[in-house]
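Subject: Structure handover

Hello,

Here is the structure I promised to pass on. Please open it next to this email, and my notes follow below.

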Amino acid sequence: MKDKDRSSSDAKDVVVNNSDLEQSTIANFFEAHGVSRSYKKNEFIFRDEEESQEIYLVKVGLVKISQFAQEGQSITLFLRNAGEVFGAAEVLTGQKRQRYARCILDSQVLALPAPHFLSLIQSQPDVLYALTVSNARRLLHTQRYVETLISRPVAWRLAQFLIQLGIRKDNETHVALPLSHEETSYIIGCSRQTVTETLNRWREQGLIHYEKKHVIIYDVEHFLAHL
């Protein structure tokens, strides 16, 4: 049993190390060939229906990838944090932008012109491999996310969303909420009112400290046990 546990632990270490290597390879690639650009909060990086001319990596900040529903409201589909690539799908498939990218915080990105990117990755198989694996991880994450939307209650989905955004400090998890309650509701699949009521209930139960756009989860394990 100990050998089995050790093998499982070793496998997890390999996965973590490989993930770090892939991220480092991609980041170094963009640092070497990309152009640095700064954007203010709420500024668009690209809009839907524009020509797909560049691929981006978030260096600092937070970017949301969104689209407009038929009713006209904006629906946030993905968040891209520091170290993550976005805007590649349309470039690789030769399509116009299907969604728009907008900064939630003041952000700095590294931009690579599409023709230059396509030329470079053909001569750098390590970068192509790292991007392929990164996209595979993202696909698996999306599959788990869809499963969560279908099978898990709203409270659990909101809790996992906060934990994902949070920074661990000793036993506490500090979350700077960059999104409105309405935008958060689109991501986790519920109403804005449900997000507000759930946060207020957790605060009344003493599970979190919550004011405006900042949440502190006092003890994650205790918090999850009381969902």
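Lys212 counts as exposed, because its relative accessibility is 76% and the bar for exposed is over 50%. Keep in mind that this is a predicted model. Lys212 sits in the loop between E11 and E12. Its phi is positive, about 50 degrees, although Lys212 is not a glycine. Most residues other than glycine have a negative phi.

Asn42 also has a positive phi, near 75 degrees, and is likewise not a glycine. Look for Asn42 in the loop between strand E1 (35-39) and E2. With 43% relative accessibility, Asn42 counts as partly exposed.

Next, the overall layout.

The protein chain is divided into domain 1 (18-150) and domain 2 (154-226). Taken over C-alpha atoms, the centres of domain 1 and domain 2 are separated by 26 Å. Across the boundary, 13 residues of domain 1 are in contact with 12 residues of domain 2.

Now the cores.

The largest nonpolar core has 24 residues. Which of them touch the most other members? They are Leu162, Leu199, Trp202 and Ile208. Several elements supply at least two residues each: helix H5 (154-165), H6, helix H7 (192-204), strand E11 (208-211), strand E12 (214-217) and helix H8 (220-225). H5 gives the largest share, 5 residues. Where does this core lie with respect to domain 1 and domain 2? Both domains give residues to this core, so it lies between them.

Leu199 is a good place to start looking. Leaving aside neighbours within four places in sequence, Leu199 is in contact with Leu158, Leu162, His181, Ile208 and Tyr210. Another core lies apart from the largest one. This other core has 17 residues, among them Ile26, Leu57, Ala88 and Leu120.

Then the sheets. I will take them in turn.

One open sheet has 4 strands in the order E1-E8-E3-E6, with antiparallel pairing. E1 and E6 are the edge strands, and each pairs on one side only. H3 packs on this sheet and touches E3 and E8. The direction of H3 makes about 70 degrees with that of E8.

Strand E3 (residues 54-60) deserves a look. How many of its 7 residues are buried? The count is 5, so E3 is largely enclosed by the rest of the structure. E3 and strand E8 (residues 107-113) run antiparallel and are joined by 6 bridges. Here Ile55 stands opposite Leu112 in E8. E3 and strand E6 (residues 85-86) also run antiparallel, joined by 2 bridges. In this pairing Leu57 stands opposite Val85 in E6. Leu57 is also one of the residues of the 17-residue core.

Back to H3 for a moment. The buried residues of helix H3 (residues 114-123) are Ala114, Phe117, Leu120 and Ile121. Why are they on the same side of H3? They cover an arc of only 130 degrees around the axis, which puts them there. On the other side of H3, Pro115, Gln122 and Ser123 are exposed. Leu120 belongs to the 17-residue core as well.

Another open sheet has 4 strands in the order E2-E7-E4-E5, and its pairing is antiparallel. Its edge strands are strand E2 (44-46) and strand E5 (74-80), each pairing on one side only. On average, neighbouring strands of this sheet are turned by 35 degrees against each other, direction ignored. Strand E4 (residues 63-68) and E5 pair over 6 bridges in the antiparallel sense. One pair to find on screen is Ser66 with its bridge partner Thr76 in E5. Helix H6 (residues 181-188) packs on the sheet and touches E4 and E5. The direction of H6 makes about 75 degrees with that of E5. H6 is also one of the elements that supply at least two residues of the largest core.

That is the handover.

Best wishes

Technical notes: Residues numbered from 1 in each chain as written. Predicted model: local features only at pLDDT ≥ 70, side-chain atom pairs only at ≥ 80, totals over all residues. Heavy atoms only, no water. Buried < 20%, exposed > 50% of the residue type's maximum accessible area, 1.4 Å probe, protein only. Arc of directions from axis to C-beta. Pairing = 2+ DSSP bridges. Axes fitted to C-alpha atoms, helices over the stretch in contact; angles between N-to-C directions. Contact = heavy atoms within 4.5 Å. Core = buried A, V, L, I, M, F, W, Y, C linked by side-chain atoms within 4.5 Å. Domains from an automatic or database assignment.
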